[in-house]
Amino acid sequence: MSKLVPCMWFNGDAEEAAKFYVSLVPNSAITHVQRNVADNPSGKEGSVLVVEFTVAGQPLVALNGGMKMEYTHAISLMIHCDDQVQVDSVWNAFLAHGGKEEQCGWLRDRWGVAWQVVPKVMFEFLSSPDRAAAARAMQAMMKMVKLDVDVLRRAFEGKSAA
């Protein structure tokens with residue numbers, strides 16, 4: 001069976017990035033490191049070429065491509081967090097390792113990859129049949145940088161920010 005596996009491009013630090021990513025959430029691990037079999041544009045013989053890993057069970061590949069490439073928001077990786085504690089833990093880990101906050105639960109890691117750190121409950125709020133409640137949650141989210149589950153819940157429920 002075919003499987004879609006996103007490949008992320010790095011310039012010599014694919015293994016460092018993969019080690020960081022697998023430290024973020026449970027069910028994450030490096031599964032294989034492929035080294036260069038000969039000198040080539042991506043590195044010297046024996047250096048890391050490809051790192052296969054999973055984050056929250058999602059397979060990913062990090063490739064040392066031999067030059068710096070820029071990431072855009074056209075694609076991002078989303079981490080569905082169980083609760084505010086996990087949102088805070090993941091968010092703070094990114095920032096502690098050179099990440100930069102953006103808005104609405106988005107940030108960029110030190111390599112420029114765009115990530116969304118989103119509590120699972122946000123999807124429940126947005127898919128609610130109560131469209132007014134869903135809209136309130138969306139409006140609250142649009143004002144945030146890091147997402148706050150309690151504030152989102154109060155907005156969804158129509159309660160003041162207190």
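This passage describes the fold, the helices and selected residues of one protein chain.

The model is predicted. The protein has 162 residues, and buried residues make up 41% of them. Its secondary structure comes to 5 helices and 8 strands. Read from the N terminus, the order of elements is β-α-β-β-β-β-α-β-β-β-α-α-α. The chain thus opens with a strand and ends with three helices in a row. The C-alpha atoms fill a box of roughly 60 × 35 × 25 Å along the principal axes.

Contacts across the sequence were examined next. Among contacts with a separation of 6 or more, 56% join residues 24 or more positions apart. The exposed surface of the protein is about 9100 Å². Carbon and sulfur atoms supply 56% of that surface. The protein carries 16 positive and 18 negative charges. The mean positions of these two sets are 4 Å apart.

An unreviewed UniProt entry places the feature "domain: PhnB-like" at residues 3-118. Over this stretch the chain is 19% helix and 35% strand. The C-alpha atoms at its two ends are 24 Å apart.

Helix α1 spans residues 14-22. Six of its residues are buried: Ala14, Ala17, Ala18, Phe20, Tyr21 and Val22. An α-helix has 3.6 residues a turn, so residues three or four places apart point the same way. Several buried residues of α1 show such spacing, including Ala14, Ala17, Ala18 and Tyr21. The cover over the buried residues of α1 comes from several parts of the chain. It includes the strands β1 (7-10), β2 (29-35), β3 (48-55), β4 (58-64) and β8 (114-119). Helix α2 (84-96) is also part of this cover.

Gln86 lies in helix α2. Its relative accessible area is 15%. The cut-off for buried is under 20%, so Gln86 counts as buried. Beyond its neighbours within four places in sequence, Gln86 is in contact with Val25, Pro26, His80 and Cys81. Gln116 gives a second case of a buried glutamine, with a relative accessible area of 14%. Gln116 sits in strand β8. Its contacts, leaving aside neighbours within four places, are Ser76, Leu77, Met78, Ile79, Gly105 and Trp106.

Phe123 is placed in helix α3, which covers residues 121-126. At 34% relative accessibility, Phe123 is partly exposed. The cut-offs explain this label, because partly exposed lies between buried, under 20%, and exposed, over 50%. Not counting residues up to four places away in sequence, Phe123 touches Met78, His80 and Val118. Met78 is also a contact of Gln116, and His80 is also a contact of Gln86. Phe123 and Val22 are 101 residues apart along the chain. Their C-alpha atoms are separated by 24 Å.

The cysteines were then considered. A disulfide is a covalent bond between the sulfur atoms of two cysteines. The structure holds 0 disulfides. Cys81 is in no disulfide, and the nearest cysteine sulfur, that of Cys104, is 16 Å away. A disulfide needs the two sulfur atoms within 2.5 Å, so the 16 Å between Cys81 and Cys104 rules out a pair. Cys104 is likewise in no disulfide, with the sulfur of Cys81 as its nearest. Cys81 is buried, with a relative accessible area of 0%. Cys104 also counts as buried, at 10% relative accessibility.

Backbone angles mark out two residues. Most residues other than glycine have a negative phi. Cys104 has a positive phi of about 55° although it is not a glycine. Cys104 is found in the loop between β6 (100-101) and β7 (106-108). Asn27 has a positive phi too, near 60°, and is also a residue other than glycine. Asn27 lies in the loop between α1 and β2. Asn27 is exposed, with a relative accessible area of 57%, whereas Cys104 is buried.

How values were computed. Residues numbered from 1 in each chain as written. Predicted model: local features only at pLDDT ≥ 70, side-chain atom pairs only at ≥ 80, totals over all residues. Heavy atoms only, no water. Buried < 20%, exposed > 50% of the residue type's maximum accessible area, 1.4 Å probe, protein only. Helix = DSSP H or I, 4+ residues; strand = E, 2+ residues; numbered from the N terminus. Contact = heavy atoms within 4.5 Å. Areas by Shrake-Rupley, 256 points an atom, 1.4 Å probe, with all protein chains shown as cover. Lys, Arg positive; Asp, Glu negative; His and termini not counted. Charge placed at Lys NZ, Arg CZ, Asp CG, Glu CD. UniProt positions renumbered as here; feature names shortened; annotations may be inferred.
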